[in-house]
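Here's a quick tour of a protein with a strand of RNA. Have the sequence and the 3D view open while you read, and hop between them as you go.

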Amino acid sequence: MVFEILKEEIRYQMKQALLHYNINEKDINIEITEPPLKEYGDFSCNLAFLLSKNLKKNPFEIAKYIVNDILPNFKGKENEKSLIKSVSVEKPGFINFTIDMKKFLKIFFSNIQSITQMPKYGNNKELILIEHTSVNPNKALHVGHIRNAVIGDCLYRLLLSTGHNVKVLNYVDDSGLQVADIITAFKYANIPFEEENIPGITKKFDHYCGNYVYVKINELYATRPDLEVKRKIILKELENPNVEISKFTQQIVKRVLRDQLQTCWNLKCHYDILNFESQLIQSDLWDNIFKTLKEKKVIRFETSGKNVGCWVFTSKTEGDKVLVRSDSTITYFAKDIPYALWKLGYIENPFELEFISQQWDNTNLYQTTIKNIENEKSNVHSLIDFEVKKVITIIDYRQERLQSLLVEILINLGIEKTKYSYLGYEPVTLSNKTAELFGFSLKNKKSTQMSGRKGIFVEADVALDLLIKKAHEEINKRNEYISEREVSQIAKEIAISAIRYYFVKHDIGKMITFDINDSLSLEGDTGPYIQYSYARGKRIYNKIENINDYLEDYALTDLDLTSTEIELIKQVSKFSSTIKESVNNTDPKLVARYLFAVSALFNNFYEGSPILKETGNKKNIRIKLLCSTLSIMEHCMKIIGVTPLEKM
RNA sequence: GGGUCCAUAGUUCAGUUUGGAUAGAAUGGCUGCCUGCGGAGCAGUUGGUCGAGGGUUCAAAUCCCUCUGGACCCGCCA
């Protein structure tokens, strides 16, 4: 907030300069940035460079002219309201501003309450839907899936914290090829349902299915083509919910899903509704949409060429895409259309919501079921009775092309482009060291792509367990008198925070090379580092007696703060603008990076500015700074899912 | 063949949307700092032809072109 005021003041003055030159401010993109060196002041403006094009003059001369002649009174206004103490011109043509620190600090310390408040600007009436995780229910989550879940969950937390109305969906492809694979294995390849005496398989059913059953059946296809035939039959049969194989499949899916959710809940991910592909197929959604697509001439029936007999969508950029095959079955891609339209609320809802279970955060998880017409009064939940403002889907970037096709179809149906968006993230690969450690062959590459089919992956549960163990040891090193139960509790919180922070801090569009040792570090730019600096701060906080006495009044005489303290104050001041930027760019990474920067500055402050043994005004000021830092750290930690700890 | 994305310190990554001053973190290596509010920390040091070449510009890691290396997408599979 304080920063915004400052920037606005500078911007206003720069606009005055523009008026002098008779240039429309809209034609020129004035940037107010922070210079790389302290000697250049606190803010910097590029106006002179921009004008040099129009005026065909040396930017340095323009800058000097602006500062000395156009805005001369801007310089000597020290006793007025201005927050700017001085203006200077630097080498190539920068106009640099120095803050009047006394005034700045005065505003900061008298507005701590509002500065440290979470900015709220969502509209509660409009609903935002986020779909994430959506892992095929035939295997346990691996570290690549965590990336999806954590990004989605952090985005959810970010939007929720800023006052938006958000719900999270998790799509379960319970009738796809991957599920058919393990069903084939159980039914026709003599692979038992239960994990009996198979080495290296943990107790969880999802691990058994993913680590053993799925890999095994894929190996068997090479020598048993009959199994692939069986799989194809199963796939077709799964479209009918009443046949025996569908009922069997539902049982298997349910067990895998239960275990997958456990992993997600362990990582503190929140969901509201589970959607099932089988229900989308069984409902009449597709029939209605197919009709509409035909009526609106979005798709056409091909009478010649390679797609003869199919219903085809012609994309402007991607060419032809088959939606309905010549045998009248619908393609994988076509199934996404009814789901997208359902999410957007553009079609009559054929589903009702059924309570499944409570989650780790005491919220309820629901699943869709097809409406029972005879039972009209059944509990139709109001969870999605809002106007859907936006749907955001977190997807593997390899699906981006299909999603862009989908958007094209939605636009053809008259839906605004902005309503449906997707975030494609690059995959997680394994570092050579890690691949080697888990016994995967290397092939002379920089990193190894994971593959569920080939059994090349590191499971989420394995990574989490490893971290818990590591944290456990560290806690025992540091705490002599502590109960085993408490150690376990804290170790888990540290491990979760480490994983979540790791997966959200990277840019979504860059590949991550996952190394089981380096990536799951507890030191440096990590979740535990943030937790540690928070714990240090909190410990001081708890030792302050009568803390309210310090927070109420303040004396602003003699504010001789250290440079570290000023840096921390500046950083804290950027809280709300960082949150806003993060929301506007739908990028939770920005919050993570900000949080780390605050934590690092706080550790500096901690080393150099003692609080408890300090007295008088200095103590007062430092306590205020401590409290405001802890407060914004809490906000940010909540968004990232890094647990605030008082002891670790 | 058509298209998308990536390449920055030994390693893992920010910075590229919107061009700005001496390219930043973390980690590793080396060196200091605990009778102090918790050393999971702090300070210092080491380490970069920003893949290569050209272009645009007062100014390029950032924009444009070419090339090299890598990943991926392009099915009546899901």
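**Where the protein meets the RNA**

Let's start at the surface near RNA strand B, where several elements each chip in at least two residues: α2 (47-55), β4 (94-99), α14 (400-412), α16 (460-478), β17 (512-514), α18 (527-543) and α22 (589-608). Keep in mind that this is a predicted model. Below, we look at that surface, then at the chain as a whole, and finally at a few single residues.

**The surface around RNA strand B**

- RNA strand B has 64 residues around it, and the closest are S44, F49, F94, R325 and Y532.
- Which element gives the most to this surface? That's α22, with seven residues.
- Sorted by class, the surface near RNA strand B has 28 nonpolar, 24 charged and 12 polar residues.
- Now flip to the RNA side: of the atoms of RNA strand B within 4 Å of the protein, 63% are part of sugar or phosphate, and the rest are in bases.

**Three spots to zoom in on**

- At S44, a polar side-chain atom sits 2.4 Å from a base nitrogen of RNA strand B. S44 is also one of the closest residues to the strand.
- At Y529, a polar side-chain atom is 2.5 Å from a phosphate oxygen of RNA strand B.
- At Q449, an N or O atom in the side chain is 3.3 Å from a sugar or linking oxygen of RNA strand B.

**The chain as a whole**

- Chain A contains 23 helices and 17 strands.
- Measure along the principal axes, and the C-alpha atoms of chain A fill a box of roughly 85 × 70 × 60 Å.
- How many residues does chain A have, and what percentage of them count as buried? There are 648 residues, and 53% count as buried.
- Take the contacts in chain A between residues at least 6 apart in sequence: 72% of them join residues at least 24 apart.

**Domains**

- Chain A is split into domain 1 (2-99), domain 2 (432-514) and domain 3 (527-640).
- The C-alpha centres of domain 1 and domain 3 are 31 Å apart. Their contact takes seven residues from each side: seven from domain 1 and seven from domain 3.
- Together, domain 1 and domain 3 bury about 550 Å², with 51% of that on carbon and sulfur atoms. On the domain 1 side, F3, E4 and K38 supply 67% of the area buried against domain 3, more than any other three residues.
- Why quote an area at all? The size of an interface is often given as the accessible area lost when the parts come together.

**R300, a residue in a strand**

- You'll find R300 in strand β8 (residues 299-301).
- R300 counts as partly exposed because its relative accessible area is 35%, which falls between the 20% and 50% cut-offs.
- The side chain of R300 makes two polar contacts you can look up: one with the side chain of E302 at 3.0 Å, and one with the side chain of T314 at 2.6 Å.
- Skip the neighbours within four places in sequence, and R300 is in contact with C310, W311, V312, T314 and D320.
- Take C310 from that list: R300 and C310 are 10 residues apart in sequence, and their C-alpha atoms are 8.3 Å apart.

**Q367, another strand residue**

- Q367 is part of strand β12 (residues 364-370).
- Is Q367 buried or exposed? Q367 counts as buried, because its relative accessibility of 19% is under 20%.
- Leaving out residues up to four places away in sequence, Q367 touches L274, F276, E352, L353, E354 and I356.

**Two asparagines with positive phi**

- N22 isn't a glycine, yet its phi is positive, at about 60°. N22 lies in the loop between α1 (2-21) and β1 (32-33).
- N22 is exposed, because its relative accessible area is 72% and the cut-off is over 50%.
- N546 isn't a glycine either, and its phi is also positive, near 50°. Look for N546 in the loop between α18 and α19 (547-552).
- N546 is exposed too, with a relative accessible area of 55%.

How values were computed: Residues are numbered from 1 along each chain as its sequence is written. Chains are lettered from A and ligands numbered from 1 in the order in which they are written. This is a predicted model: local features need pLDDT of at least 70, side-chain atom pairs count only at pLDDT 80 or more; totals for chains, interfaces and linings use all residues. Side-chain values use heavy atoms; hydrogens and water are left out. A residue is near a molecule or strand if one of its heavy atoms lies within 4 Å of it. A polar contact is a pair of N or O atoms within 3.5 Å; within protein, one must be able to donate a hydrogen and the other to accept it, and residues adjacent in sequence count only if both atoms are side-chain atoms. Helices (H or I, at least four residues) and strands (E, at least two) are DSSP runs, numbered from the N terminus. Ala, Val, Leu, Ile, Met, Phe, Trp, Tyr, Cys and Pro count as nonpolar, Asp, Glu, Lys and Arg as charged, and the others, Gly among them, as polar. Buried means under 20% relative accessible area, exposed over 50%, partly exposed in between (1.4 Å probe, protein chains only). Contact means heavy atoms within 4.5 Å. Domain bounds come from an automatic or database domain assignment. Buried area is the accessible area (1.4 Å probe) that two parts lose on being put together, summed over both.
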